[in-house]
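Reader: I have a protein structure open in front of me, and I would like to learn how to read it feature by feature. Could you take me through it slowly?

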Amino acid sequence: MKDIRVVVTGIGILAPNGSTKEEFCNSFKQGKSGIKFWEHLKEGGFQCQIGGIPELSQDRIKEYLTDEDLLAMNQTMVYTAIASIDAWRDAGFSYDKNDRNSYDPNTGAMIGTGFGGGETVIDKLSPRLLDKKIARLGSTTVRSEEHTSELQSRFGISYAVFCLK
């Protein structure tokens, strides 16, 4: 029998204007932005104090990830994992957060984020941030591979592409 290639796609979105595919699509259709003022940026002395940060409850996080998972993840990794799990389910696959052996090794993922590894950047810049010697991050933002490595571990996927938009 000849090998047949099959591509199954699913979509998972965790955005400032919607934390599910349905919420995001409704916000998009209504022109709802999700960009707003953030007090912690003002307190940090940043010139720009607006941003798009997904709002996510601890209860929702616990639906997707175990306490053990969360020990090794920063906030950006949590966002990426939840959106990826939603895409996984949207593609018709089952997911049990407690079963790391319930994956198909012939799968791949395309992952996109507007900003990756924020905690990593801040950790490296924290002495200057704490002294309020940096008013903006701009070009100091760096690409981070931590998102894909966590997902490869979680799903056992053999192919992951990280897209920084």
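Author: Let us begin with a rule for helices: the expected span of a helix is 1.5 Å times one less than its number of residues. In this predicted model, the 16 residues of α5 should therefore span 22 Å, and since the end C-alpha atoms of α5 are 23 Å apart, the two values agree.

Reader: Before we go further into that helix, how many helices and strands does the protein chain have, and what pattern do they follow along the sequence?

Author: The protein chain has seven helices and four strands, and, read along the sequence, they follow the pattern α-β-α-β-α-α-α-β-α-α-β. Of the contacts in the protein chain with a separation of 6 or more, 60% are between residues 24 or more positions apart.

Reader: As the model is predicted, where in the protein chain is confidence highest, and where is it lowest?

Author: One reads the pLDDT, which is the predictor's confidence in each residue, from 0 to 100. The protein chain averages 75, with 62% of the residues scoring at least 70; confidence is highest in α3, at 94, and lowest in strand β4 (residues 159-164), where the mean is 44. Two stretches deserve care when you look at them: over residues 139-146 the pLDDT is below 50, and the model gives this stretch 15 contacts beyond near neighbours in sequence, while over residues 158-165 the pLDDT stays under 50, with 31 contacts beyond four places in sequence.

Reader: What share of the residues in the protein chain is buried, and is α5 mostly covered or mostly open?

Author: Buried means under 20% relative accessible area. Buried residues make up 36% of the 165 residues in the protein chain, and α5 is mostly covered, with 13 of its 16 residues buried. As for the surface, the protein chain exposes about 10700 Å², of which carbon and sulfur atoms supply 52%.

Reader: Which residues have the most contacts inside the largest nonpolar core, and which helices supply at least two residues of this core?

Author: The largest nonpolar core has 15 residues, and those with the most contacts inside it are Leu14, Leu56, Ile61, Leu65, Met73, Val78 and Ile82. Both α3 (58-64) and α5 (75-90) supply at least two residues of this core, and the largest share, eight residues, comes from α5. To see one member in its surroundings, take Val78, which, leaving aside neighbours within four places in sequence, is in contact with Leu56, Ile61, Leu65, Leu70 and Met73.

Reader: How should I look at the ends of α5, and which residue caps its N-terminal end?

Author: At the start of a helix, look for a side chain that reaches a backbone nitrogen. Here Asn74 caps the N-terminal end of α5, with a side-chain oxygen 3.0 Å from the backbone nitrogen of Thr76. Just after α5, Gly92 takes a positive phi of about 100°.

Reader: Within α5 there is also Asp86; is this residue buried or exposed, and why?

Author: Asp86 counts as buried because its relative accessibility is 15%, which is under the 20% cut-off. The side chain of Asp86 makes a polar contact, at 2.6 Å, with the side chain of Tyr64. Beyond four places in sequence, Asp86 is in contact with Ile11, Gly12, Ser19, Arg60 and Tyr64.

Reader: Arg60 appears among those contacts; where is Arg60 found, and what does it touch?

Author: Arg60 is found in helix α3, and it is buried, with a relative accessible area of 12%. The side chain of Arg60 also makes a polar contact with the side chain of Tyr64, at 3.2 Å. Not counting residues up to four places away in sequence, Arg60 touches Leu14, Ser19, Thr20, Ile82 and Asp86. The backbone nitrogen of Arg60 lies 3.1 Å from a polar atom of the side chain of Ser57; Ser57 is found in the loop between β2 (50-51) and α3, and it is partly exposed, with a relative accessible area of 41%.

Reader: Finally, what separates the C-alpha atoms of Ile11 and Ala87, which are 76 residues apart along the chain?

Author: Those two C-alpha atoms are separated by 4.2 Å. Ile11 is found in the segment before α1 (21-30) and is partly exposed, with a relative accessible area of 47%. Leaving aside neighbours within four places in sequence, Ile11 is in contact with Lys21, Asp86, Ala87 and Asp90.

Definitions and conventions
Residues numbered from 1 in each chain as written. Predicted model: local features only at pLDDT ≥ 70, side-chain atom pairs only at ≥ 80, totals over all residues. Heavy atoms only, no water. Core = buried A, V, L, I, M, F, W, Y, C linked by side-chain atoms within 4.5 Å. Buried < 20%, exposed > 50% of the residue type's maximum accessible area, 1.4 Å probe, protein only. Contact = heavy atoms within 4.5 Å. Polar contact = N/O pair within 3.5 Å; in protein donor to acceptor, adjacent residues only side chain to side chain. Areas by Shrake-Rupley, 256 points an atom, 1.4 Å probe, with all protein chains shown as cover.
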